Amino acid sequence: MLEISGVHANEVDLNRPAALTLTEITQITPALDSTVTDDLVDPNGHMSLPHYVTAAVRAVWARKRSLGLDEALEQGMTFFVTEQHARYLGELVRDDHFTVYPRFLARSTRALHTITYIVDVTRQRLACSIESVSVSVSKETRHSVDMTQTLADNLDAAIRHDAALPGRPSLCAGLWR
């Protein structure tokens, strides 16, 4: 059992809701399907931490693109990640197959809250979850701006869809209030 500073892992965050099951996660539409290649592996023999973040970011971007982000990009808007929390639950090693599932949780006029699950398909387990808040930004002024109406409407529909999925994500309470 994992022990950090005398606290057992199963004693931490007792009020946090249980994480989604693998079955619940795989009901989300995957946005990325990949394999751990040599260029993703660090000297310890597993996928390096920055590559988990890259996979999560690419999956969220792919889903946003399917909801109208390209039009917003053409109009001079983009997204910057402003806050992120990652939980590494099981290592991925060379040749492991993994799939990435982004779930959209909430939005304001200028921010989007997501959680992305990286599933180790090889071992049929959750390898990592990355919760993020990203802010819509003008590419010209580099300041936050409201999302385009089309993108906002499409994100609202995606958030409603994801809210209807089974299970309740285990979230970092400080990211979105």
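**Exercise 1. Helices on the sheet**

Task: Which strands does helix α2 lie across, and at about what angle does it run to β5?

Solution.
Step 1. Find helix α2, residues 49–66. Helices (H or I, at least four residues) and strands (E, at least two) are DSSP runs, numbered from the N terminus.
Step 2. Helix α2 lies across β3, β4, β5, β6 and β7.
Step 3. Its angle to β5 is about 60 degrees. Axes are lines fitted to C-alpha atoms, for helices over the stretch in contact, and angles run from 0 to 180 degrees between N-to-C directions.
Step 4. Now take α4. This helix packs on the sheet and touches β4, β5 and β6. Contact means heavy atoms within 4.5 Å. The direction of α4 makes about 110 degrees with that of β5.

A note on the model: it is predicted, so local features need pLDDT of at least 70 and side-chain atom pairs count only at pLDDT 80 or more, while totals for chains, interfaces and linings use all residues. Residues are numbered from 1 along each chain as its sequence is written, and side-chain values use heavy atoms, with hydrogens and water left out.

**Exercise 2. The order of the strands**

Task: In what order do the 5 strands form the open sheet, and which stand at the edges?

Solution.
Step 1. The order is β3-β5-β6-β7-β4, with antiparallel pairing. Two strands pair if DSSP finds at least two bridges between them.
Step 2. β3 (32–35) and β4 stand at the edges. Each has a single partner strand, so one side of each is left without a neighbour in the sheet.
Step 3. From one strand to the next, the twist averages 25 degrees.
Step 4. Check the pairs. β3 and β5 share 4 bridges; here Ser34 has Phe98 as its bridge partner. β6 and β7 pair over 10 bridges, and Ala111 partners Val135 of β7. β4 (residues 77–88) and β7 pair over 11 bridges, among them the one from His85 to Glu131.

**Exercise 3. Strand β7 and its hairpin**

Task: How many of the 14 residues of strand β7 are buried?

Solution.
Step 1. Apply the cut-offs. Buried means under 20% relative accessible area, exposed over 50%, partly exposed in between (1.4 Å probe, protein chains only).
Step 2. In β7 (residues 125–138), 13 of the 14 residues are buried, so the strand is largely enclosed by the rest of the structure.
Step 3. Look at the turn. β6 and β7 form a hairpin with 4 residues between them. Gln124 in this turn has a positive phi of about 55 degrees.

**Exercise 4. Asp120 and its salt bridge**

Task: Is Asp120 buried or exposed? Which side chain meets that of Asp120 in a salt bridge of 2.8 Å?

Solution.
Step 1. Asp120 is in strand β6 (residues 111–120).
Step 2. Its relative accessibility is 0%, so Asp120 counts as buried.
Step 3. The partner is Arg123, at 2.8 Å, N to O. A salt bridge is a side-chain nitrogen of Lys or Arg within 4 Å of a carboxyl oxygen of Asp or Glu.
Step 4. Arg123 is partly exposed, at 37%.
Step 5. Salt bridges with shared partners join Asp96, Asp120, Arg123 and Arg125 into one network.

**Exercise 5. A link between helix and strand**

Task: Which parts does the salt bridge of Asp156 and Arg107 tie together?

Solution.
Step 1. These two side chains meet at 2.6 Å, N to O.
Step 2. Asp156 lies in helix α4 (residues 149–163) and Arg107 in strand β5 (residues 97–107), so the pair ties together parts 49 residues apart in sequence.
Step 3. Asp156 is partly exposed, at 24%. Arg107 is also partly exposed, at 24%.
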